[in-house]
Amino acid sequence: MTLKGKTAVITGSNSGIGLGVARELAKAGADVVLNSFSDRDEDHRLAAEIAAEFGVTARYIQADMSSAEACRALIEQSGACDILINNAGIQHVAPIDEFPTEKWDAIIAINMSSVFHTTAAALPKMRAAGWGRVINIASAHGLTASPYKSAYVAAKHGVVGMTKSVALETAQEPITCNAICPGYVLTPLVEAQIPATMEKYNMGREEVIKKVMLERQPSREFATVEQLGGTAIYLASDAAAQVTGTTISVDGGWTAL
Ligand code: NAD
């Protein structure tokens, strides 16, 4: 599968899943646009490294996905946008009666409303190009719930619902819209939680991973960013031209429980 000639815009891609998916798409030949809210030398360096490693065009564009204007400006500044990967996301965990309103607002804006704004701005470009793929990184929490994650679960269910609407609006065009629903993925964010959890439960690394972190993931293995990139490449392929409005779980069996 080659994505040569396609441009992929990946929101929230200076770390974790977004960066991993961007690297896999670049490896498959796509030009990529990286994004986050920061504007550091290292952000631009990430893009330069991808360009050098895979021989594609790679740029970093600063845009805060909590702002409607910035979401739309990102797509405008990207030029072509054949593949849109809506990935930016944050988390906050608290009982609903103690959940700070500003955290609710931020999670809904970054994890859900940004998908609305970037998709609205990208579809005209995909129509003009005669081809397009919208791939939303939702979550197992887009299909099931956990306590204390009201905003995250609401936002991710919202993304799954929006995915279906956009798929129906584009069903008769060469454009598809799908959501990938990862279970636990070993990103730097998750890796950073391991030492404290080891201390809290007085367990070794493997025990913490299998018994505490992956308690809900029947495979007891993390999903990897490379597997998510591979899933995105499949959704971008001709084989997936009739796959639209659906979710693909990459969760080691979590949602089969
Ligand atoms: P991460 O923290 O490594 O990545 C989040 C990315 O979003 C970062 O690049 C961050 O800079 C960016 N971001 C945050 N706020 C932003 C803003 N206002 N504007 C622009 N960018 C912003 O975490 P991750 O685990 O890679 O998560 C990526 C996505 O995958 C999220 O949507 C998350 O909900 C989803 N997800 C993660 C897991 C997991 O286990 N790691 C599981 C299911 C779903």
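I'll start with helix α1, which has 12 residues and reaches 17 Å from its first C-alpha to its last, close to the 16 Å expected at 1.5 Å a residue. Before going further, note that this is a predicted model.

How much of α1 is buried? Of its 12 residues, 10 are buried, so the helix is largely enclosed by the rest of the structure. The buried residues are Gly16, Ile17, Gly18, Leu19, Gly20, Val21, Ala22, Glu24, Leu25 and Ala26. Glu24 is on that list, so to speak, alongside several glycines. After α1 comes glycine 29, with a positive phi near 105°.Next, the strands, beginning with β2. Strand β2 (31–36) pairs with strand β3, residues 58–62, in the parallel sense over 5 bridges. Within that pairing, asparagine 35 stands opposite isoleucine 61 in β3. The helix that belongs with these two strands is α2, residues 41–54, and β2, α2 and β3 make a right-handed β-α-β unit.

Now to β5, residues 132–137. Why is this strand described as largely enclosed by the rest of the structure? Because 6 of its 6 residues are buried. As a general point, side chains in a regular strand alternate between the two faces of the sheet. In β5, Gly132, Val134 and Asn136 point one way, while Arg133, Ile135 and Ile137 point the other way. Both sets are buried, and Arg133 is among them.

Strand β5 has partners on record here in β4 and β6. With β4, residues 83–86, there are 4 bridges, and the two strands run parallel. Leucine 84 has valine 134 of β5 as its bridge partner. The chain crosses from β4 through α4 to β5, and this β-α-β crossover is right-handed. With β6, residues 175–182, β5 is joined by 6 bridges, again in a parallel run. There, the bridge partner of arginine 133 is threonine 176. Another right-handed β-α-β unit is made by β5, α5 and β6.

On to the empty space, starting with the pocket. How much space lies in the largest pocket? The value is about 1,500 Å³. It is lined by 48 residues, and the closest to its centre are Gln91, Tyr152, Thr187, Leu189 and Val190. The elements giving two or more residues to the lining are α1, β2, α4 (101–129), α5 (150–169), α6 (188–191), α7 (194–201) and α8 (205–213). Two of these, α1 and β2, have already come up in this talk. Which element gives the largest share of the lining? That is α7, with 4 residues. By class, the pocket lining divides into 23 nonpolar, 19 polar and 6 charged residues.

Then the enclosed space. How many cavities of 30 Å³ or more does a search of the whole structure find? The search finds 1. The largest cavity holds about 50 Å³ of space. Its lining consists of Thr11, Asn86, Asn87, Ala88, Ile110, Asn111, Ser114, Val115, Ile137, Lys156 and Val159. Helices α4 and α5 are the elements that give two or more residues to this lining. The largest share, 4 residues, comes from α4. By class, the cavity lining has 5 nonpolar, 5 polar and 1 charged residues. Ile137, listed in that lining, is also one of the buried residues of β5.

Ser114, another residue of the cavity lining, leads to a contact across the chain. The C-alpha atoms of serine 66 and serine 114 are separated by 6.7 Å, with the two residues 48 apart along the chain. Where is serine 66 found? It is in the loop between β3 and α3 (68–78). Serine 66 has 37% relative accessibility, so it counts as partly exposed; the band for that term lies between 20% and 50%.

Last, two residues with backbone angles to look at. Asparagine 202 has a phi near 50°, a positive value in a residue other than glycine. Asparagine 202 is found in the loop between α7 and α8. At 73% relative accessibility, asparagine 202 counts as exposed. Arginine 220 has a phi near 55°, again positive in a residue other than glycine. Its place is the loop between α8 and α9 (225–236). Is arginine 220 buried or partly exposed? At 32% relative accessibility, arginine 220 counts as partly exposed.

Definitions and conventions:
Residues numbered from 1 in each chain as written. Predicted model: local features only at pLDDT ≥ 70, side-chain atom pairs only at ≥ 80, totals over all residues. Heavy atoms only, no water. 1 Å grid on protein atoms, 1.4 Å probe; cavity = no way out; pocket = protein on both sides within 12 Å on 5 of 7 lines; lining within 4 Å. Points joined across faces, edges and corners; volume = space filled by probe spheres on them. Nonpolar A, V, L, I, M, F, W, Y, C, P; charged D, E, K, R; others polar. Pairing = 2+ DSSP bridges. Right-handed = clockwise from strand over helix to strand, strands pointing away. Expected span 1.5 Å × (residues − 1). Buried < 20%, exposed > 50% of the residue type's maximum accessible area, 1.4 Å probe, protein only.
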